[in-house]
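Q: I am new to this structure and would like a close look at one part of it, set against the whole chain. Could you take me through it step by step?

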Amino acid sequence: MSLFSFIPREFDWPAQFCLLTTLVTWVASLVTSNVSQVDRLWTFLPTIYTAYYALLPLWPNTQPFLFFPYTPKALGWASVKDFSPRALLMFGLIFTWMCRLSYNTYRRGLFNLKDEDYRWAVLRTQVPPWLFQIINLTFISAIQNVILLLLGLPTYVAAALQPHTPLTASDYVLAACALTILGLEFTADNQQFAFHAYKHSVLAKDKNDTSVKAYNADEQWPGARLAWSPDDAHRGFITRGLWRYSRHPNFACEQSFWWVMTLLPLLSPSPPNLPLQSELPPLRTILIALTNRDLHKPLVDSLRTTLVPSLFYLTPAVVLSALFFSSTAYTEEITRGKYKDAYKAYQKRVAMFGPTTTLFKALKLRLLGGEKEEKRVERLVWGSPQLKIE
């Protein structure tokens, strides 16, 4: 009952389900005039695709009706005779990821069908209505759903392409890394939530508005009970805690988690995996080939044979990172317009994602900006009243 004769059968059900969610979210966006329908499914869809591959032995071999999960014979007996320990581990980690994201989405009220990402409202004012609807169909509804499907492919590698051998040291190490990343992301989410609770409380108090609940640090999660100041509230955006080292620590952790998921099967001893150094041409050979035109084609052919399969398996993480870089750049353009000098100073002092870059930014500001500029930037970013500009 395949809808897609042009794609491999092992991707048939995920493609069916992706088409279904694309159509449902697109039609819902037209009916409700709210294009954030995919956002409400974002927390669940990668887990569903992951569960499909991790639980292959549970599905029937034939599809009883359209959109019902099944295990096509093309996957082979080795994939369905038992469960893959690595795929089950990945499913457990991604289920944990889903719980964290669902909790954060729920407490922020984003499951409310009337809630829409503020960025789409801004985009509506920047493009003609007909173009916005094209973006809605192609990017918001279709492309985002395809990206969510791609996030299930690392589990496909573990369940369908690799032997179902016991877990190895690399699995345990990467699983520990994934859980650590989720812990940091949870902390970043909590710090942001606590900041906004404090901010709204302070701003309401300034207006003598008693309808907003007073901020109580004891109600926040450990790690989020930071020493906020009125300067923080009046600045308007968070710069403390993990946000002191990254402008978007939650986004940095999100990308890191999916890179770990993508690499988890590829760094295992079982193929397919990333090429070993011994499988690549020696550096001396590459340098000689680069200087000899007759050897260019053999070098390219050799590198293509070795690297291209690996690049295909890295697609989920690469595509997600590309999405985060582009969407975060657009988000910051909006934020910079709202908070002006303060956010420009934050960008000058703190990296978008990586804390290592934040260190370089601090050194650059100190060495090239001068003491006066350094104090000005840090006063705007952290609201230090004791640092006065002379």
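A: A word on the whole chain comes before the close look: its 38 positive and 28 negative charges have mean positions that lie 3 Å apart. The model is a predicted one, and its chain holds 16 helices and zero strands. Along the principal axes, the C-alpha atoms fill a box of roughly 70 × 60 × 45 Å. Of the 390 residues, 44% count as buried, while the chain exposes about 20400 Å², of which carbon and sulfur atoms supply 66%. When contacts between residues at least 6 apart in sequence are considered, 76% of them join residues at least 24 apart.

The part to look at closely is the surroundings of Thr-155, a residue of helix α8, which covers residues 153-161. Thr-155 counts as buried because its relative accessible area is 0%, and the cut-off for buried is under 20%. Leaving aside residues up to four places away in sequence, Thr-155 touches Thr-50, Tyr-53, Ala-54, Ala-87, Met-90 and Ile-94.

Ala-51 helps to fill in this picture, since that residue sits in helix α3, which runs over residues 45-54. Ala-51 has a relative accessible area of 14%, and therefore is buried as well. With residues up to four places away in sequence again set aside, Ala-51 touches Trp-59 and Phe-91. Met-90, one of the residues that Thr-155 touches, is 39 residues from Ala-51 in sequence, and their C-alpha atoms are 9.3 Å apart in space.

For contrast, consider Ala-217, which is found in the loop between α9 (169-206) and α10 (230-235). Ala-217 counts as partly exposed because its relative accessibility is 29%. The C-alpha atoms of Ala-217 and Tyr-49 are separated by 38 Å, and the two residues are 168 residues apart along the chain.

Another feature of the chain is the second largest pocket, whose volume is about 250 Å³. Twelve residues line that pocket, and the closest to its centre are Ile-7, Phe-11, Ala-15, Val-146 and Leu-149. The helices α1 (12-32) and α7 (129-150) each supply at least two residues of its lining.

To return to the close look, Thr-155 in α8 is buried at 0% relative accessible area, with Thr-50 and Met-90 among the residues that it touches.

Note on methods
Residues are numbered from 1 along each chain as its sequence is written. This is a predicted model: local features need pLDDT of at least 70, side-chain atom pairs count only at pLDDT 80 or more; totals for chains, interfaces and linings use all residues. Side-chain values use heavy atoms; hydrogens and water are left out. Helices (H or I, at least four residues) and strands (E, at least two) are DSSP runs, numbered from the N terminus. Buried means under 20% relative accessible area, exposed over 50%, partly exposed in between (1.4 Å probe, protein chains only). Contact means heavy atoms within 4.5 Å. Accessible areas come from the Shrake-Rupley method with a 1.4 Å probe; for residues, only the protein chains shown count as cover. Lys and Arg count as positive and Asp and Glu as negative; His and the chain ends are not counted. The place of a charge is taken as NZ of Lys, CZ of Arg, CG of Asp or CD of Glu. On a 1 Å grid over the protein atoms alone, a cavity is a set of points where a 1.4 Å probe fits but cannot get out, and a pocket is an open set with protein on both sides within 12 Å along at least five of seven lines; lining residues have an atom within 4 Å of a point. Grid points are joined across faces, edges and corners, and a volume is the space filled by probe spheres set on the points.
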